[in-house]
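Dear colleague,

Please find below the structure that I am handing over to you. My findings are set out after it.

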Amino acid sequence: MKKLLAGIILLTSMSSFASTLECGLFKGLASGTPIKKALANLDDENIYVYETNQEEQVSLSIVSQKGNFVRVRISQPEDYNEVILDKGMLLSMEERKSFGLVINGAKEGKMSAVCYKGNAPF
């Protein structure tokens, strides 16, 4: 009985990450510890996750409004980079698969973001 219960808890916790998108925002190219993290539930019809770092003057957003697409954007005062992805593609991606964005800020320097389906390794 204990093994069955432990297996159910493990499967439940694994499946709760399966429909999430976790992104980390990095100063420079993506390595080390992110300066900000954002977590979005892909099962939600409307997604609005916005994280900002005042010191670096940079923000990371994940947005989807009643549609089939998810926009991930890095923004700085004078520059931004974004990717728009099919929500169905993200939902069907294997867990721990990733994609990234890089922004070459006009004054602020290079920033990057890496997003993972499910639980990110950072």
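The paragraphs below cover confidence, the nonpolar core, one residue of strand E8, the disulfide and the aromatic rings.

Please bear in mind that this is a predicted model. The average pLDDT of the protein chain is 83, and 82% of the residues score at least 70. Residues 1-16 have a pLDDT below 50, and this stretch makes 1 contact in the model beyond near neighbours in sequence.

**Nonpolar core**

The largest nonpolar core comprises 23 residues. Leu21, Leu60, Ile62, Val72, Ile74 and Leu90 are the members with the most contacts inside it. Two or more residues of this core come from each of the following: strand E1 (20-27), strand E2 (36-41), strand E3 (46-53), strand E4 (58-65), strand E5 (69-76), strand E7 (98-105) and strand E8 (109-117). As a general point, nonpolar side chains in soluble globular proteins tend to be buried together.

Isoleucine 74 may serve as an example of the surroundings of a core member. Setting aside residues up to four places away in sequence, isoleucine 74 touches Leu25, Val58, Ser59, Leu60, Asp79, Tyr80, Asn81, Leu101, Ile103, Met111, Ser112 and Ala113.

Alanine 113, one of these partners, lies in strand E8. Its relative accessibility is 1%, under the 20% limit, and therefore it counts as buried. Beyond its neighbours within four places in sequence, alanine 113 is in contact with Gly24, Leu25, Leu60, Ile74, Phe99, Gly100 and Leu101. The C-alpha atoms of alanine 113 and valine 72 are 9.2 Å apart, with their positions 41 residues apart along the chain.

**Disulfide**

How many disulfides does the count come to? The count comes to 1: cysteine 23 is joined to cysteine 115, with an S to S distance of 2.1 Å. The torsion about this S-S bond is about 110 degrees, so the disulfide is right-handed. The pair links distant parts of the chain, since cysteine 23 belongs to strand E1 and cysteine 115 to strand E8, 92 residues apart. Cysteine 23 is buried at 0% relative accessibility, and cysteine 115 is likewise buried at 0%.

**Aromatic rings**

The count of aromatic pairs comes to 3. In one of them, the ring centres of phenylalanine 26 and phenylalanine 122 lie 5.7 Å apart and the planes stand at 90 degrees, so the pair is edge-to-face. This pair also links distant parts of the chain: phenylalanine 26 is in strand E1, while phenylalanine 122 is in the segment after E8, 96 residues apart. Another pair consists of tyrosine 116 and phenylalanine 122, whose ring centres are 5.9 Å apart; the planes are at 70 degrees, so this pair is edge-to-face. Phe26, Tyr116 and Phe122 together form one aromatic cluster.

Which member of the cluster is partly exposed, and which are buried? Phenylalanine 26 is buried, with a relative accessible area of 3%, and tyrosine 116 counts as buried at 16% relative accessibility. Phenylalanine 122, at 23%, counts as partly exposed, because the limit for a buried residue is under 20%.

Finally, a charged side chain also sits over an aromatic ring. Arginine 73 lies over the face of tyrosine 80, at 4.3 Å from the ring centre. Tyrosine 80 is also among the residues touched by isoleucine 74.

With kind regards

Definitions and conventions:
Residues are numbered from 1 along each chain as its sequence is written. This is a predicted model: local features need pLDDT of at least 70, side-chain atom pairs count only at pLDDT 80 or more; totals for chains, interfaces and linings use all residues. Side-chain values use heavy atoms; hydrogens and water are left out. A nonpolar core is a set of buried Ala, Val, Leu, Ile, Met, Phe, Trp, Tyr and Cys residues joined through side-chain atoms within 4.5 Å. Buried means under 20% relative accessible area, exposed over 50%, partly exposed in between (1.4 Å probe, protein chains only). Helices (H or I, at least four residues) and strands (E, at least two) are DSSP runs, numbered from the N terminus. Contact means heavy atoms within 4.5 Å. Rings of Phe, Tyr and Trp (its six-membered ring) pair if their centres lie within 6.5 Å; planes under 30 degrees apart count as stacked, over 60 as edge-to-face and the rest as tilted. A charge sits over a ring if NZ of Lys or CZ of Arg is within 6 Å of the ring centre and within 35 degrees of the ring normal. A disulfide is a pair of cysteine sulfur atoms within 2.5 Å. pLDDT is the predictor's confidence in each residue, from 0 to 100.
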